[in-house]
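I opened the file to go through a few backbone outliers, one chain fold and one interface. Entries follow in the order I looked things up.

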Amino acid sequence: MILYDFEYERARSLPEAAAMLARLGPNAKIMGGGTDLLPNMRLALARPTTIIGLSGIRPEAPRLTLDGRLRIDGLTTLAALAHSELVATHLPMLAESAQVVGSHQVREMGTLAGNLCQETRCLQLNQKHDYQFKSPCYKRGGACCYPFPRNRPGTCWSVHMSDIAPALIALNADIETVSGTGGRRLAVEDMFTGDGMHPIGLEPGELIRAIVTPLPPANFGWGYHKSSRRGGFEYGMAVIAIALSLDVSRQVCAAARIVFGAIRERPVRASATEQALVGQRIDDTLVARAVAVAVEEVNPLPHHGFTRSYLIDNIRVYLRRALVRAVERARTQSAAT
Amino acid sequence: MLEARSAQAQTAPSIRSRIIELFVNGERYEVVVKPRNSLVEVLREKIGLTGVKHGCEQGACGVCTVLLDDRPVLGCLTLAVECDGKRVRTVEGLAQGDRLSPIQQAFLDQGAVQCGYCTAGMLMSATALLERNPKPSVAEIKKALEGNICRCTGYNAIVAAVQQASGQGVEPVMR
């Protein structure tokens, strides 16, 4: 799987990278750590004629902003994110979600923005297609789909496997972008299209500059679980991220955000499950009811060899454990924090 | 075949090579590279250090692990052009002359080398771990080595080797 010849230019800043993208057009791609782009280029899934390298840009360290949010540079490596004291203190779920990505090597190379913008994946898609595959699939510009042959043309059920996106959505984070025309701020939740063909809803030439997260409220608890076969160095079967807060009495759920990752073309909010919790007194019965709602509400795509019913069973078990853990954390959080 | 190649030569733009500077195992090299050359290709083919291995070429196996400015990275997913001026350490740089490093000796003492193909990458990941965390627990060892796959040993001997090298009371079994 030798790479083909391409041009390489190095950007010295994000605005310069945005200008290069505008100048070079759709055949140019930016590269952070290269851990998503280069494997896809080896498989001929991505074929940029020019790579704009961002590795010469030194990211800002994570910092607290004047209005009390945590700001993390998009080019922060996952290793730096996992080991940041500031992140571990204020947003331990984010540190945890960074720590379960890939391997130590991948975390030293990969960037936070790259993890969010990664391409969707499918067992049949992410293989070399010049051997046993007779025709390209829809995502490769062809006329068929191998795992779901009866799908309508143009429908791609590849899955967004990011471990960090569900945590950021649960934490109500925003992204700040840079483009030739300025840039904007939008919720992480709103940057995904839900379309396997074009999963990331950023404009051409628009780059993520930073991720900005509010600090957790009082009586806050989190639960996070990434289930996988061998417990390391793999994409998840299902990723669960829960952020909830209790009321003053610490008996009633005041707010809840529950996000599933690696089960659909984008991370999904479990809205009905959240509504089953908010305003209710938290006990075992409520948790069981919430899990029952989730199992009805969630609609996982079978992916990477896992059946839909297996993934639902997976969620049934691990959602309950993560919810219990989140409530425990919310109840034991010291009043001073 | 020849016809196709000459047609391509006429229409494809020629990608210019560039010269980069690498400090590999303490020695300075200037190498001519194209943007598409990975660090593995450059280390093996242009510098001659074949301890770095080609494996999956996708970031899924870890046999290409090298230390780039003391950080473990995958050589297959690192473009050489991005390493201009950087320090690289490969498995050839671990021994001091004839004296193996403690982790290399421990791999031999624990029988942690079978076919040997994962070994170079394992040693680099283990070296990075011990430089950062001199007395890692078993869980920390497994977490640090999770990016290196081994088909032969079943990993237990490798974990024991890291424990031995870090002076945590594990005795050699292969002497």
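**Entry 1: B:Y155.** I started with how far B:Y155 is covered. Its relative accessibility is 32%, and because buried means under 20% and exposed over 50%, B:Y155 counts as partly exposed. This is a predicted model, so I treat the value as computed from it. I then looked up the backbone: phi of B:Y155 is positive, about 75°, although the residue is not a glycine. I placed B:Y155 in the loop of chain B that runs between α5 and α6 (156-165).

**Entry 2: A:A44.** I looked for a positive phi in chain A as well. A:A44, a residue other than glycine, has phi near 60°. I found A:A44 in the loop that links α2 (37-42) and β3 (50-53) of chain A. Is A:A44 buried, partly exposed or exposed? At 37% relative accessibility A:A44 is partly exposed, since the partly exposed class lies between 20% and 50%.

**Entry 3: A:P149.** I went on to a loop further along chain A. A:P149 sits between α7 (112-116) and α8 (164-170) of that chain. Its relative accessible area is 62%; exposed means over 50%, so A:P149 is exposed. I also checked a separation: A:P149 and A:T49 are 100 residues apart along the chain, and their C-alpha atoms are 32 Å apart.

**Entry 4: chain B as a whole.** I listed the secondary structure of chain B and got six helices and five strands. Read along the sequence, they come in the order α-β-β-α-β-β-β-α-α-α-α. I noted the span of the C-alpha trace of chain B along its principal axes, about 65 × 35 × 25 Å. Of the 175 residues in chain B, 48% are buried. For the accessible surface of chain B I wrote down about 8,700 Å², with 50% of it belonging to carbon and sulfur atoms. I then took the contacts in chain B between residues at least 6 apart in sequence; 54% of them join residues at least 24 apart.

**Entry 5: extent of the interface.** How many residues of each chain take part in the contact between chain B and chain A? I have 33 from chain B and 36 from chain A. The two chains bury about 2,800 Å² between them, and carbon and sulfur atoms account for 55% of that area. I asked which three residues of chain B supply the most buried area against chain A. They are B:R36, B:L77 and B:E82, with 24% of the area that chain B buries there.

**Entry 6: polar side of the interface.** The rule finds six salt bridges across the interface of chain B and chain A. I looked up a salt bridge between A:E108 and B:R71, where the closest N and O atoms are 3.0 Å apart. For polar contacts across the interface, I recorded 14 residue pairs, with both residues at pLDDT 80 or more.

**Entry 7: what chain B presents.** I traced the side of chain B that touches chain A back to its elements. β4 (71-74), α4 (119-132) and α5 (138-144) of chain B each supply at least two residues to that side. β4(B) gives the most, with four residues. I sorted the residues of that side of chain B by type and got 14 nonpolar, nine polar and 10 charged.

Key
Residues are numbered from 1 along each chain as its sequence is written. Chains are lettered from A and ligands numbered from 1 in the order in which they are written. This is a predicted model: local features need pLDDT of at least 70, side-chain atom pairs count only at pLDDT 80 or more; totals for chains, interfaces and linings use all residues. Side-chain values use heavy atoms; hydrogens and water are left out. Contact means heavy atoms within 4.5 Å. Buried area is the accessible area (1.4 Å probe) that two parts lose on being put together, summed over both. A salt bridge is a side-chain nitrogen of Lys or Arg within 4 Å of a carboxyl oxygen of Asp or Glu. A polar contact is a pair of N or O atoms within 3.5 Å; within protein, one must be able to donate a hydrogen and the other to accept it, and residues adjacent in sequence count only if both atoms are side-chain atoms. Ala, Val, Leu, Ile, Met, Phe, Trp, Tyr, Cys and Pro count as nonpolar, Asp, Glu, Lys and Arg as charged, and the others, Gly among them, as polar. Buried means under 20% relative accessible area, exposed over 50%, partly exposed in between (1.4 Å probe, protein chains only). Accessible areas come from the Shrake-Rupley method with a 1.4 Å probe; for residues, only the protein chains shown count as cover.
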